[in-house]
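Got the model open in your viewer? Pick a colour for selected residues, and let's go from stop to stop.

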Amino acid sequence: MSLKGYTVPRTSTGKASLVPPPPWHYVGDFLVVDYWADPDAVRAVLPEGLEPHPDPGRCAAVFADWQSCSEGGEELVDPIRSHYREFFIVVNALFEGEEVTTCPFIWVDQDFALARGWIQGFPKKLGSIWMTRTFGLDVPADPGLRPGGRHGATCSARGRQIAEMTLTIEGESVDGPRHNAPPIVNVRHFPRLAAGRHDDPQVHELVRAVSRDRAISKVYAGPATLTLHPAPGEEHYSLAPVKIDRGYRFTFGYTVDDLKTVKELV
């Protein structure tokens, strides 16, 4: 009897697979801060094949509170399999002259989302992420999406604080965030364990994210704060902000069932 499953563990039925096969459908609430880091620090995290952006310090810090499911949608009625949160940083770069972003650091709070991210080229690590929620009611516990509404988010990992941000909404934004708007190009990397081949990865390639059926809500913006904290075993602090632009709050959804390899790096 052959074993089945999109990912391990593979069984005779495939039901135990950590990640179901695509398509993967996503929707989530976002808090984004456009900012600038030290240009040398940004250049230092660019993977092979990407060149510095003309505005080389451009970055965005992104918190997301996600709900996702596979094609049948069974996860939606078993929410521990569909809900997760994450925090990540993107830096701006050029690929063959085109503006792109790349993600050097990202934390997520569910194992299936971590594995799904590695498949797509996101360097995910486990963390604890929290975000202010809004429910559409005019009550004190709901900051809402009106002017003056205050939102915040935090990320910690292995017991250490990683990042925190705040946003005070001023009103709707016509353009939305700019620093995470270009398409994302990441490194998909899987090493070997065989002796003598540790420096010869099984997979090492630049990949471009592909999505479809994208939908977005109104975007709200206002002044923001962002703090990145140093922590043992982490290097995201090198991208701490030297200048902050604006913060944004919106809801975004899309579907993923494809990935484009744009350059083999091995």
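Start by selecting Gly121, which comes right after helix H2 and has a positive phi, near 100°. This is a predicted model, where local features need pLDDT of at least 70 and side-chain atom pairs count only at pLDDT 80 or more, while totals for chains, interfaces and linings use all residues. Residues are numbered from 1 along each chain as its sequence is written, and side-chain values use heavy atoms, with hydrogens and water left out. Helices (H or I, at least four residues) and strands (E, at least two) are DSSP runs, numbered from the N terminus.

Now step back into H2 itself, residues 111–120. Is this helix mostly enclosed or not? Because 8 of its 10 residues are buried, H2 is largely enclosed by the rest of the structure. Buried means under 20% relative accessible area, exposed means over 50%, and partly exposed is in between (1.4 Å probe, protein chains only). To see the buried ones, select Phe112, Ala113, Leu114, Ala115, Arg116, Gly117, Ile119 and Gln120.

Keep Arg116 on screen and add Trp24: the charged end of Arg116 sits over the Trp24 ring, 5.7 Å from its centre. A charge counts as over a ring if NZ of Lys or CZ of Arg is within 6 Å of the ring centre and within 35 degrees of the ring normal. For another case, show Lys124 and Phe122, where Lys124 lies over the face of Phe122 at 6.0 Å from the ring centre.

**Ring spotting**

How many aromatic pairs does a search of the whole structure find? The count is 12. Rings of Phe, Tyr and Trp (its six-membered ring) pair if their centres lie within 6.5 Å; planes under 30 degrees apart are stacked, over 60 edge-to-face, and the rest tilted.

Select Phe30 and Phe250: their ring centres are 5.2 Å apart and their planes at 10°, so this pair is stacked. Phe30 is in strand S1 (residues 24–36) and Phe250 in strand S15 (residues 243–264), so the pair ties together parts that are 220 residues apart in sequence. Phe30 is buried at 6% relative accessibility, and Phe250 is buried with a relative accessible area of 6%.

Next, pick Trp66 and Tyr84. Their centres lie 6.2 Å apart with the planes at 25°, so they are stacked too. With Trp66 in strand S3 (residues 58–69) and Tyr84 in strand S4 (residues 83–95), the pair ties together parts 18 residues apart in sequence. Both Trp66 and Tyr84 are buried.

To see a whole cluster linked by ring pairs, select Tyr26, Phe30, Trp66, Tyr84, Phe112, Phe250, Phe252 and Tyr254.

**Over to a strand**

Jump to strand S7, residues 128–131. Ile129 and Met131 are on its covered face, while Ser128 and Trp130 are on the uncovered one. In a regular strand the side chains alternate between the two faces of the sheet. S7 runs antiparallel to strand S8 (residues 150–157), joined by 4 bridges; strands pair if DSSP finds at least two bridges between them. Click Trp130 and look across to Thr154 in S8, which stands opposite.

In the loop between S7 and S8, find Val139, which is partly exposed with a relative accessible area of 37%. Add Phe135 and Leu137, and you have a nonpolar surface patch with about 300 Å² of accessible area together. Patch residues have over 30% relative accessible area and no salt bridge; like charges are joined within 9 Å, nonpolar side chains (Val, Leu, Ile, Met, Phe, Trp, Tyr) within 5 Å. The areas come from the Shrake-Rupley method with a 1.4 Å probe, and for residues only the protein chains shown count as cover.

**Salt bridges to finish**

There are 17 salt bridges in the structure, each a side-chain nitrogen of Lys or Arg within 4 Å of a carboxyl oxygen of Asp or Glu. Select Arg249 and Asp29, whose closest N and O atoms are 3.7 Å apart. This pair links distant parts of the chain, with Arg249 in S15 and Asp29 in S1, 220 residues apart. Arg249 is buried at 3% relative accessibility, whereas Asp29 is partly exposed at 23%.

Then try Glu170 and Arg246, with closest N and O atoms 3.0 Å apart. For a last selection, take Lys125, Arg158 and Glu234, which are linked in a network of salt bridges.
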